[in-house]
Number of protein chains: 2
Amino acid sequence: MPSILYPRLAVVGAGLIGSSIIRAARAKAVVGEIAVADPSETVRDRVAALGLADEITADPATAARGADLVIFAAPPLAIGAAAGLAAATLKRGATVTDVGSVKAAIAEALAKVMPPEVFVIPGHPIAGSEQSGPDAGFAAMFEGRWTILTPQVRGDAPYLAAIDRLTAFWVALGAQVEVMDERHHDLVLAVTSHLPHLIAYTIVGAAADLETVTRSEVIKYSAGGFRDFTRIAASDPVMWRDVFLANKDAVLEMLGRFTEDLQALSRAIRWGEGERLEEHFTRTREIRRGIIDAGQETPEPDFGRHRKTD
Amino acid sequence: MPSILYPRLAVVGAGLIGSSIIRAARAKAVVGEIAVADPSETVRDRVAALGLADEITADPATAARGADLVIFAAPPLAIGAAAGLAAATLKRGATVTDVGSVKAAIAEALAKVMPPEVFVIPGHPIAGSEQSGPDAGFAAMFEGRWTILTPQVRGDAPYLAAIDRLTAFWVALGAQVEVMDERHHDLVLAVTSHLPHLIAYTIVGAAADLETVTRSEVIKYSAGGFRDFTRIAASDPVMWRDVFLANKDAVLEMLGRFTEDLQALSRAIRWGEGERLEEHFTRTREIRRGIIDAGQETPEPDFGRHRKTD
């Protein structure tokens, strides 16, 4: 049983991820008291009803006061302002982190407003679901998942100790921790997460606009592959708006490459170049095998076997 | 318990779908003897080892001889030639169908080679997985799934009776049956299946080619959405090559619409148009709700809750 790593935890933004951190941290007994700040009265009421926090406020500064660990779990572009408010009450030696899906923009925003006597260690747990809000969180959210930390460029011993402690926190919650440069994080996630979401949002939107195929037909026959896209395209709109705006360059770069390849395949279809198509479709199987070999996908349960993809 | 609908079933192509039909038809006891034709010796050996058929041959004509129901379960563009071989031995009044993911091209190919005294009823069970081959099939493959039949334009009583019997066969295997014009089928499936596959193949291929992000990073952090695409992009390359070639016009039409929308979203990202993004991302949630309301997605089991999408 790990002991208390942070006597007071402040979570700013109690949505899917924020509320999951609270549930997990409490389940693993690695924090003492828990303060929550959220600008939404509805969310605060649910946090109260769910008994998630010892202190509930609209004001980040109130929650952050005296906290040993402050986690910003707000949509990416809301973090800078919330951090600006919280900065005033932070105690010397507090650790400040976040869970945003983009890192360079948030790292910059945090660096700008945070006082020098706190330890800023931006982070990103690669976990979630298409649900939103405090009711959707659960304690097992981070088990077996990766959390990426993108520390600042400073090598002083107290800062390194703060990284070690934050790592221990995520490990206690069930995650594996990787340290990475924030710009590289944004490139990697542009490929593995941001572009897939943009594409899923696009195809589901395009399908909704057709005149020749009805929406009910799209829904009825969605099992042929489309259904997987609809789950991804049901993710939180505000958070994803912020992700694309905050990681614009990497997303547009990856999108450019994707579009080139799509045009090449489209041309191969138009000209009936079967060999080229088959070669491409065979190559993509290797990546899947890599994911299964790396244990990033559990062997499909019965649910998966019945999933329809043709 | 349904009684025997077809005393002799011939399945031409014993891959994932063909072998699942055999398993399901035998489990439901709706056929008598089962003949399999497959050009691959490896497949024939597996069919024998699995005890799936009473008669195993490389020759479609041998399997089709005396059959009451002949199901072509080969890749779409291989069906015409196989049907041409089988035509010679078909008995009067036999029903001929297929399971191809495109229908207009296959309907045309079958109409060209089949004698007038058999009942040609093209079909498409919307079921499958990213696995291939006779070992990957399973009897429950079609339970709760849709099978679309695209009958010829003829209203004679024997033909209508043949449709009824084939419908009863699919219902016995657990499917719901819908009748549709073959060109409309190809449009609907271009949206709900073919375009999603093309896009998944493209993004997985593009990710494999990056220099700035390693393949092992793509695999390691695939839980952010990419992983779902890799499953789709692991589907059978030959079958999908054929699907795109055989449904070229509908796929390119849908691809054109998708590309326009993707460019519009890309432009919104480039110009920082947050409202437009948020509006689009909110709208796509409705489609997801429709799928859940229509019972096309079972409530997520624990497996699903832990699925990571951000």
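## A starting point: Ala29

Let's begin with a single residue: Ala29(A) counts as partly exposed because it has 13 C-beta neighbours inside 10 Å, and the buried class takes 20 or more while the exposed class takes 12 or fewer. Keep in mind as you look around that this is a predicted model. You'll find Ala29(A) in the loop that links helix H1 (16-27) and strand S2 (31-37) of chain A. Its backbone is worth a look too: phi of Ala29(A) is near 55°, which is a positive value in a residue other than glycine. For background, most residues other than glycine have a negative phi.

Now hop over to the other chain. Ala29(B) sits in the loop between helix H1 (16-27) and strand S2 (31-37) of chain B, and phi of Ala29(B) is near 55°, again positive in a non-glycine residue. Ala29(B) is partly exposed, given 13 other C-beta atoms within 10 Å.

## Around strand S5 of chain A

Next up is strand S5 of chain A, residues 95-98. Which way do its side chains go? Thr95(A) and Thr97(A) point one way, Val96(A) and Asp98(A) point the other way, and all of them are buried.

S5(A) has strand partners to meet. Strand S4 (residues 69-72) of chain A is joined to S5(A) by four bridges, and the two run parallel. In that pairing, Ile71(A) stands opposite Thr97(A). To get from S4(A) to S5(A), the chain passes through helix H4 (residues 79-87) of chain A, making a right-handed β-α-β crossover. S5(A) is also joined to strand S6 (residues 119-120) of chain A, by two bridges and in parallel. There, Val96(A) has Val120(A) in S6(A) as its bridge partner.

## The three-stranded sheet in chain A

Chain A also has an open sheet of three strands, in the order S7-S8-S9, with mixed pairing. S7 and S9 of chain A are the edge strands, each pairing on one side only. On average, neighbouring strands in this sheet are turned by 20° against each other, direction ignored. Strand S8 (residues 146-149) of chain A is covered on both faces: Trp146(A) and Ile148(A) lie on one side, Thr147(A) and Leu149(A) on the other, and all are buried.

What makes the pairing mixed? Strand S7 (residues 123-125) of chain A and S8(A) run antiparallel, joined by three bridges, whereas S8(A) and strand S9 (residues 176-179) of chain A pair in the parallel sense over four bridges. On the S7(A) side, His124(A) stands opposite Ile148(A) in S8(A). On the S9(A) side, Thr147(A) stands opposite Val177(A). The route from S8(A) to S9(A) goes through helix H6 (residues 157-172) of chain A, and this β-α-β crossover is right-handed.

## The sheet in chain B

Chain B has an open, mixed sheet of three strands as well, ordered S7-S8-S9. Strand S7 (123-125) and strand S9 (176-179) of chain B stand at the edges with a single partner strand each, so one side of each is left without a neighbour in the sheet. The average turn between neighbouring strands here is 20°, direction ignored.

S7(B) and strand S8 (residues 146-149) of chain B run antiparallel and are joined by three bridges. One bridge pair to look for is Pro125(B) with Thr147(B) in S8(B).

## How the two chains fit together

Time to zoom out. A turn of 180° and a shift of 0.0 Å along the axis lay chain B on chain A with an RMSD of 0.0 Å. The two copies are therefore related as by a two-fold rotation axis. Which residue of chain B comes closest to the rotation axis? That's Asp228(B), at 3.4 Å (C-alpha). Both copies use the same surface, with 100% of the contact residues of chain B recurring in chain A.

How many residues are in contact? 95 residues of chain B are in contact with 95 residues of chain A. Among the chain B elements that give two or more residues to this side are helix H8 (215-220), helix H11 (248-270) and helix H12 (274-293). H7(B) gives the most, with 19 residues. Sorted by class, the side of chain B that touches chain A has 49 nonpolar, 24 polar and 22 charged residues.

Key
Residues numbered from 1 in each chain as written. Chains lettered and ligands numbered in written order. Predicted model: local features only at pLDDT ≥ 70, side-chain atom pairs only at ≥ 80, totals over all residues. Least-squares fit on C-alpha atoms with pLDDT ≥ 70 in both. Contact = placed C-beta atoms within 7 Å. Nonpolar A, V, L, I, M, F, W, Y, C, P; charged D, E, K, R; others polar. Pairing = 2+ DSSP bridges. Axes fitted to C-alpha atoms, helices over the stretch in contact; angles between N-to-C directions. Right-handed = clockwise from strand over helix to strand, strands pointing away.
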